[in-house]
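Please open the structure in your viewer and keep the sequence beside it. We will walk through it together, one region at a time.

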Amino acid sequence: MNRREFAKLMGVSAVALSGIPLGITRAAGQTKGGTLNTIIQPEPPILVTALNQQQPTLTLGGKIYESLLRYSPDLKPMPGIAQSWEVSPDGLTYTFKLFPGITFHDGKPLTSEDVVFSMTKMLPETHARARAIYSRIDKAETPDPLTVIFKMKAPFAPFLTALDCTTGPIVPKHIYDGSDFRKNPANAQAIGSGPFKLKEWVKGSHVHLVRHEGYYRKDEPYLDEVIYRIIPDAASRSLALEQGKIQLTQWNDIEFYDVARLSKLPNYEMTTKGYEYFAPHQWLELNNRVKPMDDKRFRQAIAHALDLKSMAQRVYFGMPKIATGPVSSKTRFYEKDVKRYDYSLEKAKALLDEMGLKPGADGKRVTLKYLIPPYGEVYQRAGEFIRQTLGRVGIDIQLENTDVGGWADKFSNWDYEMTGNLVYQYGDPALGVSRTYISSNIKKGILFSNTAGYSNPEVDKLFDEAASATDDTRRQELYSKVQKILVEDVPVIWMFEAAYPTFIDKRLKNVTSTGVGVHESFSSVSFG
Amino acid sequence: MTSASINSGGRVFAVALALAGWFVKFVAVVLVIATFNFILVHAAPGDPAQVIAGQSGASDEKLLAQLRAEYGLDKPYPIQLANYLKRVVTLDLGYSYRQQRTVASLILERLPATLLLTATAFTLALLSGIILGTLAGVRAGKWSDTLLTIVSLLLYATPVFWLGLMLVLLFSVQLDWLPAFGYVTIGVPMTSLQRMGDIGMHLILPAVSLAAVYLAIYTRLMRSSVLDVTHQDFIKTAKAKGLKQGRIIIRHILRNAMLPIVTVAGMQAGALVGGAVVIETVFAWPGLGRLIYDALLQRDYPVLLGVFLVMSVIVIALNLLTDTIYRVIDPRVSVRAAS
């Protein structure tokens, strides 16, 4: 007896329980139609990505809002709503040509005016990351409805890497201009120009997106609907995948300990691709203001004492790649030729002895507190592993637990000794790496700033110069140099290039074909 | 069922007085609870602005200042508290800037799902608990009593999330009889009758899981209460005057044994409104418990305070209901004594 027969027995109509009709038709190479069921967790507060940049908001909002450019897995710019672009030789003027016929979900056309409004008015007001980048625009011009010209105050090479859908979502000017952005009643409708528009959002249950009929790309989107289900429990999410109720998972939907088991399911492909643009870099953050962590030798000793290889295996089930320095190997200008800290308890002990940190009668040299990041069970396990492994060289770790509010409060106000941190790199060191190490970004109360309190004038100078240099060879030179200095100083202990298991139904095409992966618009995603 | 008609004027007056007294107490209790909630909620470290920053991967001074101004967090605590109490008195639950919705609409949206789940589970637990407990009580010492005791102890000791997952594994994964999560099938056009049936199917597993623990409590309680009453003199009298066993159980034992159950059930009914968060999480049931839990993690103060307030009002109302039920079951409990 299956569910339908059981339902009949119980006197419940089986119509409602039959599987979701896929209604697929074949057309021109890719299959048209179908419903993609996936997960969103935790539930986003709103869907307007210009106003809220929490990860689930960006994942879901990427289907609703588009930006000027998209990016390939190796972070080369590709057409977004801009079909072509040009940069002047002095690196000051950027000209974008938009695709013709783009419309918002309310039917109004998207023009160069909307782009300029979004990037120079609304986003600099509401989006912290966009503010830092787009406030460098000096003047914006709209010679015609399909042409946008940005003149920069000074050359800023990563500008062309900062036009993805999470940084530069284009919003309708006719809805937001002159209004209080955060209180605009239209926020509930989330009107964008993306391939999917909001049909229904039942809080606590699901978000239902349907195709935007007026989408400008021929034949796209292929899917009829995307349904994001809110499933808060990790075990229930794994179960939903096993039962085939969903065709896609992303980010932390599936816990690491379930990956090996679920990878055996015949209908899914497991990949860690599609996060290249974000390249989340994971490290052990050391408050450089607290003794003995102010001493470079102590930090180097920790780098030698942490057995990252076995941590990757035991805590993260072999998923992540071990990080070699501040820049992810997926980000532009990565330098692999840096000092390596091999796992060696002897070298660690020698460094600690050299500092005069001798073990006491109980074998402990120093006791430090580790504030466990509140982002899931795996962080708890990571904390326990760090305690174990550092204990072997006499560094005694006490674990502290908290929730997101408590962690953010303590960490950003420097009221911590050690904690874990995970920071996105956004394709370019000037966008996602320098912020952790430059002295001008030591800002109390601000998360993801230079919270460790590391300060080195030479590093400041190199990062500064590299951000404004327009020649890639010169930029590589500067970034290579700064990476070597940082690895010698180890202001934080880089651990992993975080990997996330994305389970994709084998019938699905093009889910992780770009560097923005699951945040992408899904306009080209199809069932076969 | 009462002899109220003897002095109906005095009786009405007594009831009115009792109600007025009760109302004053009600308002006072609600205000104290509201103040207490406010202090508790703000005592947790961090604020909504920091949480949003913590989950956005980027932050700056302007963002924090904007968000704090929006939430009214830039004002001193006493003023925030005064503003909040003013809203409570005017029955305004406030506005969630985080979700850009009024708190009342957020609660109203979630309340039906929670009430459906908890009321079903509660009724199920109460009815089966009374029946099973009575059965065990009148057969004390026999094998059926031992079996019921063991089963109820096992249920009581089982973590509710584990029980929920095991039921899912059996009925959804192995047998494929019931849906594993959610409250309704999404994306399928349905008539309202089909929809009700569909929701009913989704309701079975979470309701049974939630009922299990309470069922165990009521069974145990009812058993001991029945045993207690069975040894009272009036039962012996009833037996002596030749009443049938069934009639003794229903008319005499049950009615007297019910009082402790009503007390405990009254207290637990309040907890059921907010206490279903684990089951709501396991079964992705869109109820109030998860709204509270999310609001707590996000430091969404208006939602948190709003839900706490609504829950405390419900608990107080349920206590009143319990008092009323006492009077129905046991005429010796007077209006005055109950108020």
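The paragraphs below go from the sheets of chain A to the helices of chain B and then to the contact between the chains.

Before we start, please keep in mind that this is a predicted model.

Let us begin in chain A with an open sheet of four strands, whose order is β6-β7-β9-β8 and whose pairing is antiparallel. At its edges you will find β6 (82–87) and β8 (137–144) of chain A, each pairing on one side only. Going from one strand to the next, the twist averages 20°. Against this sheet packs helix α3 (residues 112–126) of chain A, which touches β7, β8 and β9 of chain A. The direction of this helix makes about 170° with that of β8(A).

Now look inside the sheet, at strand β7 (residues 93–98) and strand β9 (residues 147–152) of chain A, which are joined in the antiparallel sense over five bridges. As a landmark, take A:Thr95, whose bridge partner in β9(A) is A:Ile149. Strand β7 of chain A also holds A:Lys97. Is A:Lys97 buried, exposed or partly exposed? A residue needs 20 or more other C-beta atoms within 10 Å of its own to be buried, and 12 or fewer to be exposed. A:Lys97 has 16 such atoms within 10 Å, so it is partly exposed. Leaving aside residues up to four places away in sequence, A:Lys97 touches A:Ala82, A:Gln83 and A:Ser84, and also A:Leu146 and A:Thr147. For a sense of scale, A:Gln30 is 67 residues from A:Lys97 in sequence, and the two lie 28 Å apart in space, C-alpha to C-alpha.

Further along chain A comes a hairpin. Strand β10 (residues 196–202) and strand β11 (residues 206–211) of chain A pair in the antiparallel sense over six bridges, and A:Lys197 stands opposite A:Val210 in β11(A). Three residues lie between the strands of this hairpin, where A:Gly204 takes a positive phi near 85°.

Chain A has another open sheet to show you, this one of six strands in the order β15-β19-β14-β18-β16-β17, with mixed pairing. Why do β15 (321–322) and β17 (395–400) of chain A each have one side without a neighbour in the sheet? These strands stand at the edges and each has a single partner strand, so one side of each is left free of a neighbour in the sheet. Strand β16 (residues 366–371) of chain A pairs with β17(A) in the parallel sense over six bridges. Here A:Val366 has A:Ile395 as its bridge partner in β17(A). Helix α11 (residues 377–391) of chain A packs on this sheet, touching β14 (281–286), β16, β17 and β18 (418–423) of chain A. Its direction makes about 160° with that of β17(A).

Turn next to chain B, which has 14 helices and two strands. Its C-alpha atoms fill a box of roughly 85 × 65 × 40 Å, taken along the principal axes. Of its 339 residues, 38% count as buried. Among the contacts in chain B with a separation of 6 or more, 71% are between residues 24 or more positions apart.

A good pair of helices to pick out is α5(B) and α8(B), whose axes come within 5 Å and cross at roughly 35°. This crossing of α5(B) and α8(B) is right-handed. The residues of their contact divide into 23 nonpolar, eight polar and one charged.

Where do the two chains come together? In all, 55 residues of chain B are in contact with 58 residues of chain A. On the side of chain B that touches chain A, the elements giving two or more residues include α2, α3, α5 (103–138) and α8 (192–230) of chain B. The largest share, six residues, comes from α8(B). By class, this side of chain B has 24 nonpolar, 17 polar and 14 charged residues.

Finally, zoom in on helix α3 (residues 61–70) of chain B, whose buried residues are B:Leu63, B:Leu64 and B:Leu67. Seen down the axis of α3(B), these buried residues fall within an arc of 95°, so they line one face of the helix. They pack against α4 (128–134) of chain A together with α2 (48–54) of chain B. Just after α3(B), B:Gly72 takes a positive phi of about 75°.

Conventions. Residues numbered from 1 in each chain as written. Chains lettered and ligands numbered in written order. Predicted model: local features only at pLDDT ≥ 70, side-chain atom pairs only at ≥ 80, totals over all residues. Pairing = 2+ DSSP bridges. Axes fitted to C-alpha atoms, helices over the stretch in contact; angles between N-to-C directions. Contact = placed C-beta atoms within 7 Å. Arc of directions from axis to C-beta. Nonpolar A, V, L, I, M, F, W, Y, C, P; charged D, E, K, R; others polar. Left-handed = near helix turned anticlockwise from the far one by under 90°.
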